[in-house]
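This briefing looks at enclosed and open spaces in a single model and at the charged pairs that join its parts. Please read it alongside the sequence and the coordinates.

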Amino acid sequence: MSQFYMHHERRAEYIVKELTDSHCHLDFADFNTDLIAVLNRARDKGVQHFLVPGIGAHNWQAVLALANQHDGVYPALGIHPYFLADFDISHLQLLDEYLATEQDIVAVGEFGLDKAVDFPFEQQLQICKQQLLLAKQYDLPVILHCRKAHNELIQLLQQAKLPRGGVIHGFSGSSQLGMQYIKLGFKLGIGGVITYPRAAKTRQAVSELPLSSLLLETDSPDMPISGYQGRRNEPENIAKVLQTLIELRQEPAELIAKTNLRTFTELFLS
């Protein structure tokens with residue numbers, strides 16, 4: 001470990017007191033037995049804000065209840081491509097009703113496109129379009145999942161012209177791809193992938209892209225950081241993602257953390 005990184009790692013522990021996890025599935029069964037302890041561990045590391053995205057009609061109530069029960073937890077609702085096997089057209093109407101009545105919802109998501117999912121892609125496109133329309137109708141940002149379908153998603157976003165933009169969750173692309181999304185008004189969700197030395201393309205990208213366009217996230221309980229493979233991921237690991245970002249960008253922890261907090265607040269809480 002370089003002297004530079006050690007210096008700023010100490011500063012991160014000392015200065016950073018208000019971190020955000022912009023993407024964590026705290027409603028998943030993985031956290032059923034010890035959620036309070038998970039939140040406390042994260043808060044001990046400075047994580048004060050947790051955005052929990054819904055993934056389908058079956059878990060929206062749980063996400064809303066979680067946000068109602070815990071300070072600093074914010075709900076988003078969406079229909080994720082992983083869970084389209086149980087999709088019914090009535091779910092879009094139900095989502096519309098939730099967005100119209102639940103004032104605490106901060107975004108539409110998680111939803112998007114995934115060509116690795118065993119569900120007809122044309123139907124995915126239609127369901128994604130409908131959720132983009134709802135986000136526009138209710139003036140909310142979106143939380144987007146995309147795998148092997150960036151060209152198609154970018155086309156949809158160019159057509160949608162969302163006034164609030166959103167975030168591309170789990171970004172693992174190049175600087176060029178990142179800039180395409182940034183020019184459309186989107187932020188990039190940066191998580192555990194950058195802690196892996198083999199992720200050279202993404203590590204290079206996050207060192208070059210505008211700091212104000214990056215959002216820290218864990219995707220807990222999934223996407224473990226390097227050295228923690230096979231273990232449940234938790235929001236406390238935001239501190240380790242931050243430390244890696246400091247090393248890659250060679251910028252002070254305070255600057256990165258304050259910028260991240262401002263980006264999170266302006267996108268989801270303003």
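A residue counts as buried under 20% relative accessible area and as exposed over 50%, and as partly exposed in between. The model is a predicted one. By that scale Arg41, at 31% relative accessibility, counts as partly exposed, because its value falls between the two limits. Arg41 also belongs to a network of salt bridges, which is taken up first below, followed by a separate salt bridge, the cavity and the pocket.

**Salt bridges around Arg41**

- A search of the whole structure finds 10 salt bridges, and Asp34, Arg41, Lys45, Arg232, Glu234 and Glu236 are linked in a network of such pairs.
- In one of these pairs the side chains of Arg41 and Glu234 meet with an N to O distance of 3.0 Å; Arg41 lies in helix 2 (residues 35–44) and Glu234 in the loop between strand 8 and helix 9 (238–249), so the pair ties together parts that are 193 residues apart in sequence.
- Arg41 also meets the side chain of Glu236 in a salt bridge, at 3.6 Å from N to O, and this pair likewise links distant parts of the chain, with Arg41 in helix 2 and Glu236 in the loop between strand 8 and helix 9, 195 residues apart.
- Are the acidic partners Glu234 and Glu236 buried or exposed? Glu234 counts as buried because its relative accessibility is 8%, and Glu236, with a relative accessible area of 16%, is buried too.

**A salt bridge between Lys115 and Glu152**

- Lys115 forms a salt bridge with Glu152, in which the closest N and O atoms are 2.6 Å apart.
- This pair links distant parts of the chain, since Lys115 lies in the loop between strand 4 (107–114) and helix 5 (121–137) while Glu152 lies in helix 6 (residues 150–160), 37 residues apart.
- Lys115 counts as partly exposed at 42% relative accessibility, and Glu152 is partly exposed with a relative accessible area of 22%.

**The cavity and its surroundings**

- A search of the whole structure finds 1 cavity of 30 Å³ or more, and the volume of the largest cavity is about 30 Å³.
- The lining of the largest cavity is made up of Leu211, Leu214, Leu215, Leu216, Leu245, Ile256 and Asn260; the elements that give two or more residues to this lining are strand 8 (214–216) and helix 10 (253–269).
- Strand 8 gives the most to the lining of the largest cavity, with 3 residues, and the lining as a whole divides into 6 nonpolar residues, 1 polar residue and no charged residue.
- Thr263 is found in helix 10 and counts as buried at 5% relative accessibility.
- Leaving aside residues up to four places away in sequence, Thr263 touches Lys187, Ser212, Leu214 and Leu215; Leu214 and Leu215 are also among the residues that line the largest cavity.

**The largest pocket**

- The largest pocket has a volume of about 570 Å³ and is lined by 24 residues, of which Tyr82, His145, His169, Gly170 and Met223 lie nearest its centre.
- Which element supplies the largest share of the lining of the largest pocket? That share, 3 residues, comes from strand 5 (residues 142–147).
- The residues that line the largest pocket divide into 10 nonpolar, 8 polar and 6 charged.

How values were computed
Residues are numbered from 1 along each chain as its sequence is written. This is a predicted model: local features need pLDDT of at least 70, side-chain atom pairs count only at pLDDT 80 or more; totals for chains, interfaces and linings use all residues. Side-chain values use heavy atoms; hydrogens and water are left out. On a 1 Å grid over the protein atoms alone, a cavity is a set of points where a 1.4 Å probe fits but cannot get out, and a pocket is an open set with protein on both sides within 12 Å along at least five of seven lines; lining residues have an atom within 4 Å of a point. Grid points are joined across faces, edges and corners, and a volume is the space filled by probe spheres set on the points. Helices (H or I, at least four residues) and strands (E, at least two) are DSSP runs, numbered from the N terminus. Ala, Val, Leu, Ile, Met, Phe, Trp, Tyr, Cys and Pro count as nonpolar, Asp, Glu, Lys and Arg as charged, and the others, Gly among them, as polar. Buried means under 20% relative accessible area, exposed over 50%, partly exposed in between (1.4 Å probe, protein chains only). Contact means heavy atoms within 4.5 Å. A salt bridge is a side-chain nitrogen of Lys or Arg within 4 Å of a carboxyl oxygen of Asp or Glu.
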